[in-house]
Amino acid sequence: MEVSMTLWVLTVVGLCALIAVDFIIGRKPHDVSIKEAGIWTVVWIVLAALFGVGLLIWGGGQAGGEFFAGYITEKSLSVDNLFVFVLIMAKFAVPSQYQQRVLLVGVLIALVLRAIFIAAGAAILASFSWVFYLFGAFLIWTAWKLIQEARADQDEEEFEENKLLKAAERRFGVADRYHGTKLWIEQNGKRAMTPMLVVMLAIGTTDVLFALDSIPAIFGLTQDPYIVFTANAFALMGLRQLYFLIGGLLRKLVHLSYGLSIILGFIGVKLVLHALHESGVHVPEISIPVSLGVICGVLVITTLTSLRATRKMAEATPAADQGESSAKNSIDV
């Protein structure tokens, strides 16, 4: 799709305007209710859908299909990010009324860093078509790794700060408590970071690690930098509200890792087939409608099986507790 510089500028300005509105709405620290989170989650999804419809009308079915496939993939991968965001919030003991500010700035940092990743990825793919093989192999390996981690049934992990974050803390020092929404304070005659700034940096830089699989994944669906950027932007910008909306439901998505592994593996195979086709090998290529159908189908099935599994576990737990209680009473008698 041919995208003029004017359209790029208008798109970035429009996204900045949406971010500004989001910042104004959430500028006052407060606990986000389920109703507020639900309304704004719907708003962001509707905005993404309208943008996709616009691409369908002015860019054609191929561009619109690629956007929706990319957006749904990035959105589903971002839900997995929320698990880590929960760990980060717990690690830094972020007061509930400040969590929305942390997520807003953290996601904004992630969006800027992802834009850099996307520009670099587009430039590399334009110059070296063999990189498709690397992206495809990496996604297939990531899919296998996700399955292994899901089958390991490990205990709940604890967030560990990355080296960049630790270096910043050593260089500037960190205050011993939160000071409202302030990012810097004077402490012992020196400027020091507040825990608020540290947790914002943790959210933003941690998301870069997730971009290592999500960026190759969306490039497996489209090589158009404009579609890659906008799909990522819309997927990330509604992440703050989604955090508060489904935070309590995350533990119920017990099969999410399996679903994401299937999606990443599927896109990895699609990338390898595309690379072979570009190399002159006659192999079938997977179309966008097929990709969109597979992604949506996997997510629906994963959600249904997850809810069914958690419901069975919930039904089995009271029975197990009752059995333990009866055994204890027998021993007491």
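A residue counts as buried when its relative accessible area is under 20%. In this predicted model, Glu74 has a relative accessible area of 2% and is therefore buried.

**Overall make-up**

The protein chain holds 11 helices and 2 strands. Read from the N terminus, its elements follow the order α-α-α-α-α-α-β-β-α-α-α-α-α. Of the 333 residues in the chain, 44% are buried. The accessible surface of the chain comes to about 17500 Å², and carbon and sulfur atoms account for 66% of that surface. Among contacts in the chain with a separation of 6 or more, 79% are between residues 24 or more positions apart.

**Glu74 and Arg114**

Glu74 sits in helix H3, which covers residues 61-91. Which residue forms a salt bridge with Glu74? The partner is Arg114, and the closest N and O atoms of the pair are 3.2 Å apart. The pair links distant parts of the chain, since Glu74 belongs to helix H3 and Arg114 to helix H4, with their positions 40 residues apart in the numbering. A search of the whole structure finds 1 salt bridge. The side chains of Glu74 and Arg114 are also joined by a polar contact of 3.2 Å.

Is Arg114 buried or exposed? Its relative accessibility is 4%, so Arg114 counts as buried. Apart from neighbours within four places in sequence, Glu74 is in contact with Arg114, Ser214, Ile218, Ala231, Asn232 and Ala235.

The table lists relative accessibility for three residues discussed in this report.

| Residue | Relative accessibility | Class |
|---|---|---|
| Glu74 | 2% | buried |
| Arg114 | 4% | buried |
| Trp141 | 48% | partly exposed |

**Nonpolar surface patch**

A nonpolar patch on the surface is formed by Leu108, Val112, Ile116, Phe117, Phe138, Trp141 and Leu212. Together these residues have about 630 Å² of accessible area. Two elements, helix H4 (99-127) and helix H5 (131-152), each give two or more residues to the patch. Helix H4 supplies the largest share, with 4 residues. Helix H4 is also the element that holds Arg114 of the salt bridge.

Trp141, one of the patch residues, lies in helix H5. The limits for the partly exposed class are 20% and 50%; at 48% relative accessibility, Trp141 therefore falls into that class.

**Helix H9**

Helix H9 spans residues 239-246. How many of its 8 residues are buried? The number is 7, so the helix is largely enclosed by the rest of the structure. The buried residues in H9 are Leu239, Arg240, Gln241, Leu242, Tyr243, Phe244 and Ile246.

**The strand pair**

Strand E1 (residues 184-187) and strand E2 (residues 190-193) run antiparallel and are joined by 4 bridges. Within this pairing, Ile185 has Ala192 in E2 as its bridge partner. The two strands form a hairpin with 2 residues between them. Asn188, in the turn, has a positive phi of about 55°. In a regular strand, side chains point alternately to one face of the sheet and then the other.

Definitions and conventions: Residues are numbered from 1 along each chain as its sequence is written. This is a predicted model: local features need pLDDT of at least 70, side-chain atom pairs count only at pLDDT 80 or more; totals for chains, interfaces and linings use all residues. Side-chain values use heavy atoms; hydrogens and water are left out. Buried means under 20% relative accessible area, exposed over 50%, partly exposed in between (1.4 Å probe, protein chains only). A polar contact is a pair of N or O atoms within 3.5 Å; within protein, one must be able to donate a hydrogen and the other to accept it, and residues adjacent in sequence count only if both atoms are side-chain atoms. Contact means heavy atoms within 4.5 Å. Two strands pair if DSSP finds at least two bridges between them. Patches are made of residues with over 30% relative accessible area and no salt bridge: like charges are joined within 9 Å, nonpolar side chains (Val, Leu, Ile, Met, Phe, Trp, Tyr) within 5 Å. Accessible areas come from the Shrake-Rupley method with a 1.4 Å probe; for residues, only the protein chains shown count as cover. A salt bridge is a side-chain nitrogen of Lys or Arg within 4 Å of a carboxyl oxygen of Asp or Glu.
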